[in-house]
Amino acid sequence: MTFLERMTEFVAIALIAAIWLLAYCLLCPAEARERRHHQTVAPSAGHCWVSYYSHGNRVASGRRFDKHGMTAAHRSLPFGTRVRISRGDRHITVTVNDRGPFIAGRMFDLSLGAARAIGIIQAGVARVAFEVLP
């Protein structure tokens, strides 16, 4: 195969990819493209695994990180969402103000203060019940 034939084949493939991308961008509304990237919708109640974190300067919402606050990180819940988390006889209410956790299988990252209040400091990770509050 000559250089010219290889270049022609490459240009043809690139042209097909460009046409496909252009058609996708023009024919698919932005909302549908966004939904496609975030197909996992957080349930409003259930059981999940949580962990905690205690470092950082700023959170994704733009506020200063308060490791002693009653806050949590979640991948998709809107900032300001209040969530009741229960473990055994302990119950806390946290406010989502950050994004994460970025480890598969975990739904919330709690601040150090929230983790201490619910008693997961030593274990680091725990299975809890949660409920998104109205």
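Q: How many helices and strands does the chain have?
A: Quick background: this is a predicted model in which local features need pLDDT of at least 70 and side-chain atom pairs count only at pLDDT 80 or more, while totals for chains, interfaces and linings use all residues. Numbering starts from 1 along each chain as its sequence is written, and side-chain values use heavy atoms, with hydrogens and water left out. Helices (H or I, at least four residues) and strands (E, at least two) are DSSP runs, numbered from the N terminus. On that basis, the chain has three helices and six strands.

Q: What pattern does the chain follow, read along the sequence?
A: The elements to place are three helices and six strands. Going along the sequence, the pattern is α-α-β-β-β-β-β-α-β.

Q: In what order do the six strands close into a barrel?
A: Strands of a sheet pair through backbone hydrogen bonds, either parallel or antiparallel. Here two strands pair if DSSP finds at least two bridges between them. The pairing in this barrel is mixed. Going round, the order is β1-β5-β2-β4-β3-β6.

Q: By what angle are neighbouring strands of this sheet turned against each other on average?
A: Each axis is a line fitted to C-alpha atoms (for helices, over the stretch in contact), and angles run from 0 to 180 degrees between N-to-C directions. With direction ignored, the average turn between neighbouring strands is 45°.

Q: Which residue is the bridge partner of Ala45 in β6?
A: β1 and β6 run antiparallel and are joined by seven bridges. β6 also runs antiparallel to β3, with four bridges between them, and there Arg84 stands opposite Glu131. On the β1 side, the partner of Ala45 is again a residue of β6, namely Glu131.

Q: Which residue in the turn between β3 and β4 has a positive phi?
A: β3 and β4 run antiparallel, with six bridges, and Arg87 has Arg90 as its bridge partner in β4. The two strands form a hairpin with two residues between them. Most residues other than glycine have a negative phi, and most peptide bonds are trans. The turn residue with a positive phi, about 65°, is Gly88.

Q: Which peptide bond is cis?
A: Look at the loop between β4 and β5, where Pro101 lies. Omega is near -10° at this cis bond, which runs from Gly100 to Pro101.

Q: Why does the pair of Tyr53 and Phe65 count as stacked or edge-to-face?
A: Rings of Phe, Tyr and Trp (its six-membered ring) pair if their centres lie within 6.5 Å; planes under 30 degrees apart count as stacked, over 60 as edge-to-face and the rest as tilted. By this rule there are two aromatic pairs. In this one, Tyr53 sits in strand β1 and Phe65 in the loop between β1 and β2, so the pair ties together parts 12 residues apart in sequence. The centres are 5.0 Å apart and the planes at 20°, so the pair is stacked.

Q: Are Tyr53 and Phe65 buried or exposed?
A: Buried means under 20% relative accessible area, exposed over 50%, and partly exposed in between (1.4 Å probe, protein chains only). Tyr53 comes in at 13% relative accessibility and Phe65 at 10%. Tyr53 and Phe65 therefore both count as buried.

Q: How are the rings of Phe108 and Phe130 arranged, stacked or edge-to-face?
A: Phe108 in strand β5 and Phe130 in strand β6 are 22 residues apart. Phe108 is buried at 1% relative accessibility, and Phe130 is buried at 4%. Their ring centres are 5.6 Å apart and the planes at 65°, so the pair is edge-to-face.

Q: Which residues touch the most other members of the largest nonpolar core?
A: A nonpolar core is a set of buried Ala, Val, Leu, Ile, Met, Phe, Trp, Tyr and Cys residues joined through side-chain atoms within 4.5 Å. This one has 19 residues. Elements giving two or more residues to this core are β1, β3, β4, β5, α3 and β6. The members that touch the most others are Val83, Ile85, Val94, Phe108 and Leu110.

Q: Which residue does Arg99 lie over?
A: A charge sits over a ring if NZ of Lys or CZ of Arg is within 6 Å of the ring centre and within 35 degrees of the ring normal. Arg99 is 4.2 Å from the ring centre, over the face of Phe79.
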